[in-house]
Structures are given as structure tokens and as C-alpha cells.
Amino acid sequence: MIQISNLHKSYVMGHNSLHVLKGLELDIEEGEFVSIMGSSGSGKSTLLNILGILDDYDLGTYYLGGKLIQGLNETKAAITRNEMIGFIFQSFNLISFKNAMENVALPLYYQKVSRKKRNQIALEYLDRLGLKEWAHHLPSEMSGGQKQRVAIARALISQPQIILADEPTGALDSTTSFEVMDILKEINDQGKTVIIVTHEHDIAAMTKKIIRLKDGVIEEVIKNGDLQLFKDRVRTE
Amino acid sequence: MFDVDVWQEIFSTIKKNKLRTFLTGFSVAWGIFMLMILLGSGNGLQNGVTQQFSNNSINIMWLWTGDTSIPFEGMKEGRTIKFNNADYDYLKDKGENLENVSSRYYLPGTIMYTYKNEYGSFETSSCHPALLGMEKVNVISGRFINDLDMSDFRKVIVIGDNIKKALFKEEDPIGKYVKLNSVPFKVIGVTFDKDRRNERTSYIPVTTAQRIFNGADRVHTFAVTTKMVKTVEEAEAITDKVREGLAKRHKFDPTDKKAMGSFNMLAQYIRTMKIFQAIKLFVWIIGIGTLIAGIVGVSNIMLILVKERTREIGIRKALGATPSSVIGLVLLESILITTVAGYLGLMVGVGIMEAINYGLEQSLAAGGGDRMFFLNPTVDFTTAITSMVILIVSGALAGYLPARKAANVKPIEALRDEN
């Protein structure tokens, strides 16, 4: 699903250039449930942005679903994002003046689906996430967990191949966090590739593969079988 | 970019952001409203001023005589100066400076008009045929005095509409005879003055007047039209020349205003128009200033609007909004707001000016003040639409840069713009 090789990215800040990703190699298969970890400055946000085609990279290759993602113009990037990627953010990023249903339906608006049809589909997705009664509420009237579920519905509605979640539980209490993780797991069980960026070990431990970044390269990949070991290690850390 | 969905999206955004919409709209509406009031007032003033001159040819000049007040060539002051028919011939031959001449002999005493059992006294103006164009006499039926009437000393009369109504009622007066004192005059025409200035005046040939009313060759006043000149100085030079000529003939000091009075309309007209042009320029400067203020207001609010919507735009882009759809969203929204608000401001402004106009016309019709300095204070359609189009286009242009800025926002940065 995702093949990244020799990925370089640096940010120019005035006269200084900050080399963030230094020849990163990464393979993620279809249907994987991966978490990307790393301390701040390790390059995990940068990687996520590149994965989400929100940012370009300097060197290397990035294949998403067999398609080379390189030097796309804004319009093509937008279309690719819309078709292939569902985003979930830490701060939910719902549009405040749109109700839950309209928020969920938004990606379909950019696919030129008619208003009636996309609202109907949005209702189905909200129903699936147990939020049907909240369809006509504004984000400000909902709890954090509900907002994140709306955001998840919005990420799913365009039936993307991968779900990218940036600290999806960062703004939630632990009970709600686990609920959200359960939903993501369910989505993964249905065959979708889910990638989350987190710095919380217990959240990362709920995924099937952990990629630890350090200084712009992958320091360690902990696979399914080793997760128990990882959990033990986390406890002792 | 123009499908129904886009508009639905825009309408839902507008509906959810009423204050922002109101503020943007208000600055536009206010700008165009002020512009309309200003231009309307300017036009009203112009029309009012122009109206002052509309009763006569703008190049008309009147001459009249009195007693000398300055001793001249050994003669004491206090001499009475009198025009005569020779002066008419003199003025008529004056060449390039003067175009038309009409002399007037004042009929002595009160002239009683009689037709059958109806009678009344009215003003009788004796003149040459040329007066028709000079004082803008409006003949609504029949004809005005002609050269044959003059040379044959015909007893013909052109009566004002009100005289006709008073004497003839519904009867057609043309060809009928009305008695002036006891002398029958044949009615040849009826005049109508929309300003009702001359409604009770009738016109007879000056030659006839002199013969019938014992005038000999006496002339009381002259009305002449001068050459059309561009400057006050040129106009006054003509006045001076005419004064000098007549002063020489009647032996008085040309600067003696008491001996001979003169009023040159053209000099007055040029002077007034100069003042008015300055006022008009002033109105336009203020108007353009107001327009610019409106545009600046729009672009300011657009900038705030885009800043405020950076996150929303970032979200939209992350979800697959293309740059053009972002530009379209911001731009179309602002164009919609400026158009609707501009239209409202335009309507209210024009409406107020029309209401004032209606009020003025009502008071005019009621006979209150027939000489207004403020008349028809309305803005013509083209000016209104043009200024509105300018406002919308400028608003859109001013909004375009922020919109582009919005489209270029990197979603990452927009979304990071949190807390």
C-alpha cells in the first residue's frame, strides 16, 4: 500500500536548512494497523504530512497504492487526498458552523455528489458510529468523543484506502481514547489500512505494528509478535 | 464553479456567519448609499442652477434707460436718456457682436382686454419677431409675430394661455378679435409658459404698439442676444462696446449705469457655471473618496475573513478542496455580499433622492417657490449602475488576493494554527 524509499525532507528557515527526514525507508502493507512514534523533532509529523500528501518531499520516492506521489500540483494533490486518504486529527477539525451530518458529507461535496445523496450517505456513516441522533447538532454541542467519532465518519465517507490519524486520542480522556481506538481497530478489521501518529505508548500498543522514528530515520519497527515485549518495556520505562 | 451546490455551500456559510456578512455588506451598502446621495445632490444643484437660466437664451442682454448720474461734456447730470427706433437700426447693424435685437415700447396706462362679455387687464409686451427665440416664448397654437405684421403695422396679438382661459374659456381664440381698450386686435397665437412666468402676458408688434398707443419712435428697452463667447471677459467686452456705442449716440458717460442699465446674461451664466464646475469636481472627489473607503472596507473585511477562515480552508483542503474551489468559495461569497448589499444601498440612496424629488415637485406644483435652486436631485441610471459595477469589481479584486492567499495556505500550517 505504501512504499517509501530514501525519503528526504528539509525545511528552509531563513539561512538555515533543517534536515528532518534523512533517507527514510518504509513499507506498509494493505490492511495494516500501524502507529508511528517518536519524540518531538523526530520527523513524525513531517512524515505524516508527506503520507497525507499535505506536503511535498525533496528526494526519494513515495508510492501510494502503486501510484507515485511526486511533484503533484495542488489540484491533483487535492483530488488524490480526497480519493485515497481519510484524515483524523487531534483537534477534530470539524467546521464549526456545519452540523455533524454536513461535516461528514463534506468530502463527498468535493467529489460532486449531490447534496441529497451525500447527506444520506453521511447519515448512514453517523448511524454506524452511533451518532444518528446527533446528526443535526453543531460540533460545539458535542463532547470530545462524539466529535472525534464525527471526524472518523468524515474520514471514512469517501471510502479511502488509508486512514491517517494524527494523535487521534490526544484531546480525549482515557475511556474515550479506548473507545476511539476500538473504532479504529474495527475499521482496520474491515480491511482498511490505518496509520496513527501518537506519542502515547498504551495507544501505540493497541496497534499491530509500531514504527519508532528518531532523527529522521526509522529507529525500530516492532511487529505484532513483539508487542508484548514492547508493552513490558513500556512498563519499565 | 457556478453549479447549484456551490451556491448552497455559500448560502449555508453566509447563514451561519450573519455578523460577518452584515459587516461586509454594510460597508458596501453605506459606500454606495453615500455616493448616491452625494451625486444626487450634485445633480440637484446643477439642475437647479441650469433651471435659473432656462427661461431665456443664455446669451441674452437687456438694455434700459434712466436719468444720467454723471455730468458729461458740459451737460449736467439728471438728463433723461430715451431709446428710439434709430437705436434699433444701430444695434441691428452692430455686426458680429450681436445676433438678434428686439425693442420694446411700454404701453401707457392700464390696458383693458375685452372679448364679448369677458374682460380683464393684462401685461402687454411689444416686441420684434426675434423675441420668440430670445426669451424662449412657447407658442402652443397659432403663430408668433412675423415681419409682415411689423411692416404692415398689423393689429395682431399673441396671448398667454391664462389670458385665453380668462377671456375665451373653451373657445378657440385664433382668428377672433380681442379689444385692447377699444382697439380690436386679431389673435394669432397662444403661448404657454411652464414656469408660469409669462402666463398673463401677451405680445404685439412693437411698430403697431408705437402707432396705436402714441409712441412715435420711442423705445423703452432692448433685448439683444450677443455672440456666444467662452469667457466672462469676452462677454463683458461686448457689453462695454454696446454701452460705448449707445453712450456716444445719446451723449452720456459709458460708465453711467443710471443713464443706461444693462444686464448681460452670458457673463452671469459663465460665472455661475464656473462655480458650479468647482462644486461638481468637489462632489466627484468626495464621491470617489467614499467609493475607495467602501472598497478598502471590503478588502479589510475580506482579509479578516480569510484569516478567520484559515483553519476551515485548511480542513477543506485536507478533505480534497482544490485551490480553485477555495478561491471560488471566498470570492463568490464576497461578490454575492457586495452585489446584494450594493444593490440595497443603491436602492435606498436612489429612493431617498427620488422621495426628495417627489417632495420638491409637489411643492412646485402647489405653487410654492417657482424658482428652486435644487431641482430633480436624482442620479441617472448609468451612473448608478457604473458605480455599483466598479464597487463590485473592486471588491472582488480586493478580495482576490486574500482568496489566493487562502488557496495557497498549506493545510498543515492551517491545521497547526490551533489553540
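This short talk covers chain A, its interface with chain B, and selected salt bridges within chain B, all in a predicted model.

Let me begin with chain A. Chain A contains 8 helices and 10 strands. It has 237 residues, and 53% of them count as buried. If we take the contacts in chain A between residues at least 6 apart in sequence, 68% join residues at least 24 apart. The accessible surface of this chain is about 10,500 Å², with carbon and sulfur atoms accounting for 48%.

I turn now to the interface. Here 28 residues of chain B are in contact with 28 residues of chain A. The two chains bury about 2,500 Å² between them, and 55% of that area comes from carbon and sulfur atoms. How many salt bridges cross the interface of chain B and chain A? The rule finds 1. In it, Lys317(B) pairs with Glu74(A), and the closest N and O atoms are 3.1 Å apart. The rule also finds 5 residue pairs in polar contact across this interface, counting pairs with both residues at pLDDT 80 or more.

On the side of chain B that touches chain A, at least two residues each come from α1 (4-16), α10 (310-318), α11 (323-365), α12 (381-408) and α13 (411-416). The largest share, 7 residues, is supplied by α1(B). By character, this side of chain B comprises 10 nonpolar, 8 polar and 10 charged residues.

Next, the salt bridges in general. Over all chains, the search of the whole structure finds 17.

Several of these lie within chain B. Arg309(B) is a useful place to start. Its side chain meets that of Glu312(B) in a salt bridge at 3.0 Å, N to O, and both residues are buried. Arg309(B) also forms a salt bridge with Glu333(B), where the closest N and O atoms are 2.7 Å apart. Glu333(B) lies in helix α11 and Arg309(B) in the loop between α9 (265-308) and α10, so this pair ties together parts that are 24 residues apart in sequence. The relative accessible area is 1% for Glu333(B) and 2% for Arg309(B).

A contrasting case is the salt bridge between Lys165(B) and Asp161(B), at 3.0 Å, N to O. Both residues belong to helix α6 (residues 161-168), 4 residues apart, or about one turn of the helix. Is each partner buried or partly exposed? Lys165(B) is partly exposed at 47% relative accessible area, whereas Asp161(B), at 10%, counts as buried.

Finally, a network of salt bridges links Arg143(B), Asp149(B), Asp152(B) and Arg154(B).

Technical notes. Residues numbered from 1 in each chain as written. Chains lettered and ligands numbered in written order. Predicted model: local features only at pLDDT ≥ 70, side-chain atom pairs only at ≥ 80, totals over all residues. Heavy atoms only, no water. Buried < 20%, exposed > 50% of the residue type's maximum accessible area, 1.4 Å probe, protein only. Contact = heavy atoms within 4.5 Å. Areas by Shrake-Rupley, 256 points an atom, 1.4 Å probe, with all protein chains shown as cover. Buried area = accessible area lost by both parts, 1.4 Å probe. Salt bridge = Lys/Arg side-chain N within 4 Å of Asp/Glu carboxyl O. Polar contact = N/O pair within 3.5 Å; in protein donor to acceptor, adjacent residues only side chain to side chain. Nonpolar A, V, L, I, M, F, W, Y, C, P; charged D, E, K, R; others polar.
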